[in-house]
Amino acid sequence: MSNKKMMKKVFEEEFSSEKMKQQILLQYERKEKNKMSKIIKYAIVPVCLVLALFIRASLNEGNNILEDNVIGAMKVYAYTMSEDEKVEKTELKDNIKLGLASYNLAMSSVPGYPIVFELENVDYLKIEVNNGNILDWNGDTGKVTSLGTTYQLSNNGTLYFNVNINTNIKITGIRNKNEVFEKNITILSDDDFNYYVILK
Amino acid sequence: MIDQETLNKFDKLYNGSYSNVLKYVICNCSNAEDIKDIVQSVYLELLKILQKDKSFNKGNAYILGITKNKVSEYYRFNYKAKIVSLFSKKDDFLLLDSIPDNVDLEEEFIKKEDLKFIWNYLKRKKVIIFKIFYLYYYTDMNIKDIGIELNISESNVKHYLYRTLKELKFIMKNGDEKNV
């Protein structure tokens, strides 16, 4: 074989088209694999984050379900007269008629009939009065403010009611903007001007 | 994974353009060691394009465009113009001076087992010598055209060609390069 042919062979060996093609294809496959592993590697963090958020959201949803299953309620107390004519704070129970302490006698120092509200699992109580109105009284300053016939009570507290015969107080418990319960306090009076309260 | 359709298209484009791409890269590279890297980057780019654009229907001119970009990109970002020569300039002259003038260039002194040695020898020479050898022996270009292609005079082409052949013959007759 001549030098020329042999020299040609040197280049053919080194730059063999087929060999080069195989190398290119191999390299391409390798790059694609690396790309995939990089994607997987870098995707782990966002995937974990998404998973964490998802789990958190699921747990929150669970909490919401739990919260939704909690019964929203309230406790209402009124001041009644005991048998020995002592004024006492009594919890109102459904459909139990209680005689209210005489406003004039026992509670002349307060602006109206006091009713104590305790909130349980509600965001606030929406209080609407029919045939009467709501009063707020600052015990320290003695200042009385009329709150009108509708009021939102967000914390436990005492409201004073200017009552007439058949005053009705509608109380709606609100949680997550939903109405969770509705109660009515009706104040009645008899011919002797004794006042009674009933919760329904 | 490359799908069969892309692979077929790649095969066709590769076979039709490879020799031109190789020639362009060799003629424009700064170092023989870079040739394979650059050629591979050209066809990797082509594969990427083919994978993305299934309706790709461009030909050799487009691939040569990629090649030009890759060569300039390669040397812009990855400067590898360092030429590793087998001899320092001083040694080079000494060696050339020691070669007798009566060397017969036509004498067959290259054997098959010497192919790797010759390749290693050539790629470590000045890149212009490597280019001349490639164009002369592999692409069968004549000396005049090589001069035009590489923008050097014909006599320079001849000088590089014959002197290097003399060197090569001398080395091969007198043992490996370490003994020179």
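**Figure 1. Buried and exposed faces of helix H8 (154-173) of chain B in the predicted model.** Within H8(B), the buried residues are B:Val157, B:Tyr160, B:Glu167, B:Leu168 and B:Ile171. These residues lie on the same side of H8(B), because they cover an arc of only 110° around the axis. The exposed residues B:Ser155, B:Tyr162 and B:Lys173 are carried on the face of H8(B) that is turned away from the buried side. With 20 residues, H8(B) reaches 28 Å from its first C-alpha to its last, close to the 28 Å expected at 1.5 Å a residue.

**Figure 2. The largest nonpolar core, with contributions from chains A and B.** This core holds 46 residues, of which B:Val25, B:Leu46 and B:Phe133 touch the most other members. At least two residues each come from helix H1 (3-14) of chain A and, in chain B, from helix H1 (4-28), helix H2 (35-52), helix H3 (60-77), helix H5 (115-123), helix H6 (127-138) and helix H8 (154-173). H6(B) gives the most, with 10 residues. A second, separate core comprises 21 residues, among them A:Tyr113, A:Leu125, A:Ile134 and A:Ile171. In soluble globular proteins, nonpolar side chains tend to be buried together.

**Figure 3. The surroundings of B:Leu46.** B:Leu46 is one of the residues that touch the most other members of the largest nonpolar core. When residues up to four places away in sequence are not counted, B:Leu46 touches B:Phe10, B:Leu13, B:Ile63 and B:Ile66.

**Figure 4. The contact between chain A and chain B.** Chain A provides 19 residues and chain B provides 18 residues. On the side of chain A that touches chain B, the elements giving two or more residues are H1 and helix H2 (17-69) of chain A. H1(A) supplies the largest share of that side, 10 residues. By residue class, the side of chain A that touches chain B divides into eight nonpolar, five polar and six charged residues.

**Figure 5. Strand S5 (residues 124-137) of chain A and its antiparallel partners.** S5(A) runs antiparallel to S8(A), and 11 bridges join the two strands. A:Ile134 has A:Phe161 in S8(A) as its bridge partner. S5(A) is also joined to S7(A) in the antiparallel sense, by four bridges, and A:Leu125 has A:Leu153 in S7(A) as its bridge partner. A:Leu125 and A:Ile134 both belong to the second core, of 21 residues.

**Figure 6. The hairpin formed by S5(A) and S6(A).** S5(A) pairs with strand S6 (residues 144-148) of chain A in the antiparallel sense over four bridges. The bridge partner of A:Trp137 in S6(A) is A:Val144. Six residues lie between the two strands of the hairpin, and A:Gly142 in the turn has a positive phi of about 80°.

**Figure 7. A:Asn156 in the loop between strands S7(A) and S8(A).** The loop that holds A:Asn156 connects strand S7 (150-153) and strand S8 (157-175) of chain A. A:Asn156 is classed as partly exposed because 13 other C-beta atoms lie within 10 Å. Leaving aside neighbours within four places in sequence, A:Asn156 is in contact with A:Phe117, A:Glu118 and A:Leu119. A:Val76 is 80 residues from A:Asn156 along the chain, and the C-alpha atoms of A:Val76 and A:Asn156 are separated by 10.0 Å.

How values were computed
Residues are numbered from 1 along each chain as its sequence is written. Chains are lettered from A and ligands numbered from 1 in the order in which they are written. This is a predicted model: local features need pLDDT of at least 70, side-chain atom pairs count only at pLDDT 80 or more; totals for chains, interfaces and linings use all residues. A nonpolar core is a set of buried Ala, Val, Leu, Ile, Met, Phe, Trp, Tyr and Cys residues joined through C-beta atoms within 7 Å. A residue is buried if 20 or more other C-beta atoms lie within 10 Å of its own, exposed if 12 or fewer, and partly exposed in between; C-beta atoms are placed from the backbone. Two residues are in contact if their C-beta atoms, placed from the backbone, lie within 7 Å. Ala, Val, Leu, Ile, Met, Phe, Trp, Tyr, Cys and Pro count as nonpolar, Asp, Glu, Lys and Arg as charged, and the others, Gly among them, as polar. Two strands pair if DSSP finds at least two bridges between them. The expected span of a helix is 1.5 Å times one less than its number of residues. The arc is that of the directions from the helix axis to the C-beta atoms.
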